[in-house]
Amino acid sequence: MMASIRFHGRGGQGAVTASKLLAEVAYMSGYYSQSMPFFGAERRGAPVIAFTRISDEPLFETSQVYHPNIVVVLDPVILRAVDIFSGVKEGGTVIINTTKKPEDFEFEQDYLNIITVDATGVAIENDLLLAGLPVVNTPMLGPLIRAFELLNMPLKLELLERVVTRKFGKAGMKNVSAIKQAYERAEMKTIRGKRKRKRRKKEKITVEFPISFPSEGVAGKTKMWRDFRPEIDYEKCNDCLSCWLHCPESAIRVNDRVEIDYEYCKGCLVCSAICPKRAVKTGREVFA
Amino acid sequence: MKISEMEREEYVLPGNTACHGCPSTICLRTVLKALKGRAILVIPACCTSVYMGPFPNSAIKVPVFNTAFASAAATASGIKASLEMQGDDTEVVVWAGDGGTYDIGLQALSGAAERGEDIIYICYNNEIYSNTGIQRSGATPFGAWTTTTWAGKTEHRKDVSEIMLAHGIPYVATASTGYLKDLYEKVKKAKEIKGFRYIEILAPCPPGWRFPMDKTVHMGKLAVESGMWILLESVNGRFRFTGVSRAIAEGKRKMRDLEEYLISQERFSHLSKKEIDEIRRYVQEKWSRLIKLEGEVDAAIAKFYV
């Protein structure tokens, strides 16, 4: 029996760490295991994928996982950018960090087990914060244990706790209590898929000379990367254009006055740091 | 020059995949504004070749040729030769990281400089291979942490701007992300000169140097003010300091303490007193060598023209 797991997160949330921790726990429970990140440009805030394979026989497959049994989604916002249900096997399990109910999700498969848990809430309650942002990767491992119970491949919660305490040292106890809480709070239901299946048409293969053309938003609307929101106080602003000159994202436009393009601003706050009049205020950005 | 007089057109489009607070996008915007978009970029493997996005889209509004790591200057020479035959005077600009300049691309760079190709070579130097995950490069300073130098690098950095000075090319300049107006003027000046022109920009990388993402510009300023990075310019062999570095060299301005620069980055957080003294010695030595060079050049020119 082989279980393959896919982790979805955003750069910096710890999807890769979670996949490593899971592989370690599985190894200690007596399984063969492997863990690998998706290789690409690893950037903060960008969608990140990581994979784990767990089996009771030696593993010879080393490719990335295309048809997972289990999918773990660390960030609810990622649902808008990535199709998390793609390739999930029939009867597989999808664990989502969200405040929604399992019934609220639609997918193409006939039946899937959906587990929802508010891991962000659990992290905040347990004071599990890193640089002001909630750490959701370890709490999400709690509900993952439940998914393995469904597969008849039990992993021990005690082993997970031991691995986490060893890895994080002092902060280990906070992580352990968060894992336990998330394990208990997880809500699981078997849901029937409602969305219609897309028929894939055969595409013609054409050979073109590869020329790219300039366009805005090659990485999509990068506002999703924003954790902090800059806001210009026009009463203080003296139109020195310093923020426009220094903006790394070209997201400040000069019309009659400087304006921030909130569709693309990544919230790096260079404008706020550079402003000589301190006219750029900053606040927390919340999308979901 | 006032900021309001600068080119308003954006040549690096929003929505690219660069990190928060990326110095490379800040500088590339300024460089392309200074060239008014009349340029063909040649980009070897570096962060820029990634953040400009996947086929069939590009986040850069000028023609870009993506080439192999080692061959940026050679590719640019070929493109320029072709343009010359067609009677086109578009500027060919190499935009390379420090990996593609200091280590892998050095022989092509030196060859093109020696042949006197009519191109602008710009190196944005973030002192690491940051695109592949923060490995050491020839530009990494002594004592800096990278993923391949866990206890701090044990060698000093080499200085390609001095190597290019030795080539005797018409224009060599260094700039910093902290002083964009200075960079803008230098690129404009380089545009007016014919021959091989080399500009190097210090680009403080927030994830690689481990400092908060909003401090990119601040760190570029601090590097110059503390003397760790020196702004200089050499036009047809006439070598001089520029901007803040000039004020420091002339004694009009006091250098800020080097420790202030080192402490503000986590990559230097493990340094001992001895290692900080070693960096201080290196910086002082570099300054005294360059100040001597400036004096000698002045004396030689004075003698020649009498």
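## A strand pairing between two chains, and the folds around it

In this predicted model, residue A:F213 has B:N57, in strand β2(B), as its bridge partner. The pair belongs to a wider link, for two bridges join β10(A) to strand β2 (residues 57-58) of chain B, and the two strands run parallel. As a general point, the strands of a sheet pair through backbone hydrogen bonds, either parallel or antiparallel.

**The contact between the chains**

How many residues of chain A are in contact with chain B? On the side of chain A there are 39 residues, and they are in contact with 36 residues of chain B. Within chain A, the elements β10 (213-214), α6 (242-246) and α7 (270-274) each supply at least two residues of the side that touches chain B, and α7(A) gives the most, with four residues. Sorted by class, this side of chain A has 20 nonpolar, eleven polar and eight charged residues.

Close in sequence to the paired strand of chain B is a backbone feature that deserves attention. A cis peptide bond joins B:F55 and B:P56, with omega at about 5 degrees, and B:P56 is found in the loop between α2 (47-51) and β2 of chain B. Chain A has a backbone feature of its own at A:N152, a residue other than glycine whose phi is positive, near 60 degrees; A:N152 lies in the loop between α3 (141-150) and α4 of chain A. For background, most residues other than glycine have a negative phi, and most peptide bonds are trans.

**The domains of chain A**

Chain A is divided into domain 1, which covers residues 2-192, and domain 2, which covers residues 222-284. Taken over C-alpha atoms, the centres of domain 1 of chain A and domain 2 of chain A are separated by 36 Å. Four residues of domain 1 of chain A are in contact with four residues of domain 2 of chain A, and the side that belongs to domain 1 has three nonpolar residues, one polar residue and no charged ones.

**The sheets**

Chain A holds an open sheet of seven strands with mixed pairing, and its order is β2-β3-β1-β4-β5-β6-β9. Which strands of chain A stand at the edges? They are β2 (32-37) and β9 (187-192), and because each has a single partner strand, one side of each is left without a neighbour in the sheet. From one strand to the next, the twist of this sheet averages 15 degrees. At one edge, six bridges join β2(A) to strand β3 (residues 47-55) of chain A, and these strands run antiparallel; here A:S33 stands opposite A:I54 in β3(A).

Chain B holds an open sheet of eight strands, likewise with mixed pairing, in the order β3-β1-β4-β5-β7-β6-β8-β9. Its edges are formed by β3 (64-66) and β9 (238-241) of chain B, each of which has a single partner strand, so one side of each is left without a neighbour in the sheet. Neighbouring strands of this sheet are turned by 20 degrees against each other on average, with direction ignored. Within the sheet, strand β6 (residues 171-176) of chain B and strand β8 (residues 232-235) of chain B pair in the antiparallel sense over three bridges, and B:Y171 stands opposite B:V235 in β8(B).

**Helix packing around α4 of chain A**

Helix α4(A) takes part in two packings, listed here.

| Helix pair | Axes | Angle |
|---|---|---|
| α4(A) (157-168) and α5(A) (172-185) | within 8 Å | roughly 150 degrees |
| α1(A) (15-28) and α4(A) | 9 Å apart | about 130 degrees |

The axes of α4(A) and α5(A) cross at roughly 150 degrees, and that makes α4(A) roughly antiparallel to α5(A), in a crossing that is right-handed. The contact is made by A:L157, A:L160, A:E161, A:V164, A:T165 and A:F168 of α4(A), together with A:G172, A:N175, A:V176, A:I179 and A:Y183 of α5(A). By class, the residues of this contact divide into seven nonpolar, three polar and one charged.

For the other pair, the angle is about 130 degrees, and α1(A) and α4(A) are therefore oblique to each other; α1(A) passes α4(A) in a right-handed crossing. From α1(A), the contact draws on A:L21, A:E24, A:V25 and A:M28, and from α4(A) on A:L159, A:L160, A:V163, A:V164 and A:K167. This contact has seven nonpolar residues, no polar ones and two charged ones. Residues A:L160 and A:V164 of α4(A) take part in the contact with α5(A) and also in the contact with α1(A).

Technical notes. Residues numbered from 1 in each chain as written. Chains lettered and ligands numbered in written order. Predicted model: local features only at pLDDT ≥ 70, side-chain atom pairs only at ≥ 80, totals over all residues. Axes fitted to C-alpha atoms, helices over the stretch in contact; angles between N-to-C directions. Parallel < 35°, antiparallel > 145°, perpendicular 65-115°, else oblique. Left-handed = near helix turned anticlockwise from the far one by under 90°. Contact = placed C-beta atoms within 7 Å. Nonpolar A, V, L, I, M, F, W, Y, C, P; charged D, E, K, R; others polar. Domains from an automatic or database assignment. Pairing = 2+ DSSP bridges.
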